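Visitor: I'm new to this one. Can you walk me through it?
Guide: Sure, have a look at it with me.

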Amino acid sequence: MDPTRSLDLRVDRSSPVPLYFQLSQQLEAAIEHGGLTPGSLLGNEIELAARLGLSRPTVRQAIQSLVDKGLLVRRRGVGTQVVHSQVKRPLELSSLYDDLEAAGQRPATKVLVNTVLPASAAVAVALGVPEGGDVHRVERLRLAHGEPMAYLVNHLPTGLLDLDTEQLEATGLYRLMRSAGITLHSARQSIGARAATAGEAERLKETEGAPLLTMQRTTFDDTGRAVEFGDHIYRPTRYSFEFQLLVRP
């Protein structure tokens, strides 16, 4: 059964907003709020066009705009399928694992590296430890609905907590830190963008040179001690940061 039949899809021909955009916005909202769940197959474009009184090119344009956003995918011999909703992460001190779980995205983690090594100059400055001193390095691939979402590299002071690989794959780093009695208080964070390297593209199922979101964060506990330095990359088709801006009086 076509899942769009259960949606209250309507277009306003008197509106200056293009009809394809009105339809794509309603379909995107249905994906975001669970009306169209990951794995759902959209029905025939011709049938949907007839039901809404739209032309087939208008419906095709609406669907293609969601394919371009990474919310839908066209599979040969299968049809048009819902992939997932994009995670919109507020700029606050929260973990990606918790944000994915809150968005109903079924997070999963693959730990690629879990080791102790000498701190580089950048890591030493961020954590306030001697350059060349031991730090813990964890590299993880975060997935949602089986699709890679982000590649996370974290450095932590040694002796802070037990970083067991099995636990790191079962839950989020911040949850483990809180369970160890660490009170997360604040963070210094910067956001940017750059092109994917060959290795990053392979991990994230992107093409080499594809744009990626970047985030670096140093997190402090309630004593002012740096407890984590994260260097993360995200797929922009799957993920975005949200800002709330206030007007200065």
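Guide: We'll go through pockets, salt bridges and one buried threonine.

Guide: One note before that: this is a predicted model.

Visitor: Good to know. How much space lies in the largest pocket?

Guide: About 180 Å³.

Visitor: Which residues are closest to its centre?

Guide: Arg137, Val153, Gln216, Asp231 and His232. They belong to a lining of 14 residues.

Visitor: And which elements give two or more residues to that lining?

Guide: Helix α5 (121-127) and strands β6 (147-157) and β9 (226-234).

Visitor: Which element gives the most?

Guide: Strand β9, with four residues.

Visitor: How does that lining split by class?

Guide: There are six nonpolar, four polar and four charged residues.

Visitor: OK, next pocket. How much space lies in the second largest?

Guide: About 150 Å³.

Visitor: What lines the second largest pocket?

Guide: Leu42, Gly43, Asn44, Glu45, Ile46, Arg56, Ile63, Arg74, Arg75, Gly79 and Thr80. Four elements give two or more residues each: α2 (45-52), α3 (56-68), β1 (72-75) and β2 (79-82).

Visitor: What about the classes there?

Guide: Three residues of that lining are nonpolar, four are polar and four are charged.

Visitor: Switching to salt bridges. How many does the structure hold?

Guide: Seven.

Visitor: Is there a network? I mean, which residues are linked in one?

Guide: Glu45, Arg56 and Arg60 are linked in a network of salt bridges. Glu45 and Arg56 also appear in the lining of the second largest pocket.

Visitor: Back to Arg137, then. What does its side chain meet in a salt bridge?

Guide: The side chain of glutamate 139, at 2.8 Å from N to O.

Visitor: Is glutamate 139 buried or exposed?

Guide: Buried, because its relative accessible area is 10%, and the cut-off for buried is under 20%. Arginine 137 is partly exposed, with 22% relative accessibility.

Visitor: Which residue forms a salt bridge with glutamate 147?

Guide: Arginine 235 does. The closest N and O atoms are 3.6 Å apart.

Visitor: Where do those two sit in the chain?

Guide: Glutamate 147 is in strand β6. Arginine 235 is in the loop between β9 and β10 (239-242). The pair links distant parts of the chain, 88 residues apart.

Visitor: And how accessible is each one?

Guide: Glutamate 147 has 22% relative accessibility, so it counts as partly exposed. Arginine 235 has 5%, so it counts as buried.

Visitor: What about arginine 225? Which residue forms a salt bridge with it?

Guide: Aspartate 221, with the closest N and O atoms 2.9 Å apart.

Visitor: Why does aspartate 221 count as buried?

Guide: Because its relative accessibility is 4%. Arginine 225 counts as partly exposed, at 41%.

Visitor: Last topic, the threonine. Where is threonine 219 found?

Guide: In strand β8 (residues 211-221).

Visitor: Buried or exposed? What's the relative accessible area of threonine 219?

Guide: Threonine 219 is buried, with a relative accessible area of 0%.

Visitor: Which side chain does a polar contact join to threonine 219?

Guide: The side chain of glutamate 228, and the contact is 2.6 Å.

Visitor: Great, that's plenty for a start.

Notes:
Residues are numbered from 1 along each chain as its sequence is written. This is a predicted model: local features need pLDDT of at least 70, side-chain atom pairs count only at pLDDT 80 or more; totals for chains, interfaces and linings use all residues. Side-chain values use heavy atoms; hydrogens and water are left out. On a 1 Å grid over the protein atoms alone, a cavity is a set of points where a 1.4 Å probe fits but cannot get out, and a pocket is an open set with protein on both sides within 12 Å along at least five of seven lines; lining residues have an atom within 4 Å of a point. Grid points are joined across faces, edges and corners, and a volume is the space filled by probe spheres set on the points. Ala, Val, Leu, Ile, Met, Phe, Trp, Tyr, Cys and Pro count as nonpolar, Asp, Glu, Lys and Arg as charged, and the others, Gly among them, as polar. Buried means under 20% relative accessible area, exposed over 50%, partly exposed in between (1.4 Å probe, protein chains only). A polar contact is a pair of N or O atoms within 3.5 Å; within protein, one must be able to donate a hydrogen and the other to accept it, and residues adjacent in sequence count only if both atoms are side-chain atoms. A salt bridge is a side-chain nitrogen of Lys or Arg within 4 Å of a carboxyl oxygen of Asp or Glu.
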